[in-house]
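Q: Please take a close look at a single part of this structure and go through it step by step. I am new to it, so give the cut-offs for the terms as they come up.

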Amino acid sequence: MIFLEAIRIALGQIWVNKLRTALTLLGMMIGVGAVVGIVSIGEGMRQFVIDEFGKLGGAQFVMITPQYMQLKDGRWVPNPRYKPLTMDDLAVVEQSSDRLAAVLPSMNSGANLRYRKASYQTSAAGTLPEFSEVYNWEVAEGRFLINADLEKLRRVCVIGQEVREELFGLAPFLGREVKLNGQRFTVVGLMEDRQTFGENWGDQVLVPVTTAQRRLAGNKYIQAMVAHAKEQEDVPDITEAIEKALKKRHGPEASYQIVSGRSILEQVEQTILLLKLVVGGIAGISLLVGGIGIMNILLVSVAERTREIGIRKALGAKPVTLLWQFVIEAMALSLTGGALGVAAGYGLGEGIARVISHYSELNFPSIVSPEATLFVLALSIAIGLFFGIYPAARASRLDPVDALRSE
Amino acid sequence: MLIELNGISKVYVRGTEEVHALRSVDLAIDDNEYVSLMGPSGSGKSTLMNILGCLDSPTEGTYRLNGTDVSRMNANELAEVRNSRVGFIFQTFNLLPRASALQNVELPLIYNGQRRKVRRARAIQALERVGLADRMTHRPAELSGGQCQRVAIARALANGPSLLLADEPTGNLDSSTGEEIMLLFDALHEEGNTVLLVTHDPVIALQAERLIRIHDGRIASDEQLA
Ligand SMILES: Nc1ncnc2c1ncn2[C@@H]1O[C@H](COP(=O)(O)OP(=O)(O)OP(=O)(O)O)[C@@H](O)[C@H]1O
Ligand SMILES: [Mg+2]
């Protein structure tokens, strides 16, 4: 009963002193808004990275590359102990664990494409038929590479949207022959349009890895391998198994750099968490400033309403009742500030995300989680409680006769 | 005995200076008495009323209200006494300016923990008693001085106290309005209320049944009127 009355009085006070309240709450609002805005951007960043990783086959990939080392002059060179990888190594890696979905070679070489008078400079990737499924990237027209292409070392290629545009324009392309570094290749398929991390995949030219080795590179090596786990949890085990298998094959000195998508993702998440904590912490300090503002306004309010407090005391309000009245007023103030701040922060996050999306053409989201919102609101109430106690205690301890005499 | 004061003193200390507002006052007032209190300015009338109304506590002496020793009560118990056993009426009305007449009268009922319906009904009843049934939604600024004092009286009556204390209730009113308020006190006394009021106006003082004169913190005279 008395609680409801206290809430009613508090809201009435806030309403009567609209301008003063608004100015006091500005500090609180900016603090909360900054925290919410930054956290939502951080969360959006995290989601963005996870989503984009998903397009790359998720965080369950493990990349095996030759170990590089840095020389004194700063150059990065392959480790001299490094043994070039071959398709036999790929087979070994494939056998190393039964929890692997696929292992793809990475085999890129510069490619000059010509069709009639048009030409296009890009790089050709030698790969396997599993590529399309692993990267969840479908053909739009024609077909993807098949096992027969690899076995027979066929000179066929599947091209991206941009390659097609540059070479063929709107003309038919399926079954046409292009010159790839002077050799004739037949176009058998066209890939769907796709982007990850803002990068267009349309400049890709995919050829059977065997053909690429024989015709383009002229050796039997591959540059790297990307193994894909069935489940993300298996990544650490798989990483270990791959390392073991390669050491067994090439001897204990053989060194390879084995990086998992999971570890990259963890690194990114940690960086974002750090950003959230640091910037959020700085913004949190402004919450303290907001809290001091609330304490100040409450002290003013208690001074202004000394007579009212006297009247209430004379009519039988107990000290604890008045204490609650002012604490509730402080909490109502800080909660209002917090709620406005959440709204402002949401707007801020959304605005920043839109600006980033607009200028970078990335689809960048801003995410305010319900947990974060509740946490911030609870924090706001706690700030009101903390900073409201002192002014409220002052009000509750006023002497009724003195209070009634004040003007 | 409703009120029993024994050796009540009140000393205000201001720096090194001591002000003796009350000096060992003994006083007894019975149920349903109608008492007026007179005395020159600064003689200690308000100090005495504040102690009787439990707004202030004496420096020395004991105060029994309805047999219970009020001078030993803590802040919460005193608040309860102020809330339901004493109705205090001030010279300056002391209404909340932003609250309506009805809301002002509801205040002591709220602090008494009454449910919304009950307190609404009792507040309306009290306002009807003082003749303000048609002004319930008005704020103090929209009421005349006499009407404000009626609201204050209704508020004092709301919890059915055993004692009505009025410190110069007509002091801020013109004489005809003051007379109306005094008629209301007369009627409340007729209905069985115990009334103690401070006044500077001898005409008003003589309407009571007992007149106490106070001088320099002491009771100078105490007489039953005809
Ligand atoms: N809070 C206080 N601090 C110091 N002295 C006080 C205080 N309150 C009252 N006094 C002193 O106590 C004495 C009695 O004051 P009180 O208010 O009781 O007089 P009063 O009889 O009501 O006078 P009036 O007729 O003018 O209202 C006065 O001398 C006054 O100055
Ligand atoms: Mg006085």
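A: Two strands count as paired if DSSP finds at least two bridges between them. Strands (E, at least two residues) and helices (H or I, at least four) are DSSP runs, numbered from the N terminus. The model is predicted, so local features need pLDDT of at least 70 and side-chain atom pairs count only at pLDDT 80 or more, while totals for chains, interfaces and linings use all residues; side-chain values use heavy atoms, without hydrogens and water. Residues are numbered from 1 along each chain as its sequence is written, and chains are lettered from A and ligands numbered from 1 in the order in which they are written.

The part chosen here is a sheet in chain A. Its 4 strands lie in the order 5-16-1-17, the sheet is open, and the pairing is antiparallel. At the edges stand strand 5 (100–106) and strand 17 (256–260) of chain A; each has a single partner strand, so one side of each has no neighbour in the sheet. From one strand to the next, the twist averages 20 degrees.

Strand 17 of chain A is joined by 5 bridges to strand 1 (residues 61–66) of chain A, and the two run antiparallel. Opposite Gln257(A) in strand 17 of chain A stands Thr65(A).

A helix also belongs to the picture. Helix 3 (residues 87–96) of chain A packs on the sheet and touches strand 1, strand 5 and strand 16 (224–229) of chain A, contact meaning heavy atoms within 4.5 Å. The direction of helix 3 makes about 165 degrees with that of strand 5 of chain A. Axes are lines fitted to C-alpha atoms, for helices over the stretch in contact, and angles run from 0 to 180 degrees between N-to-C directions.
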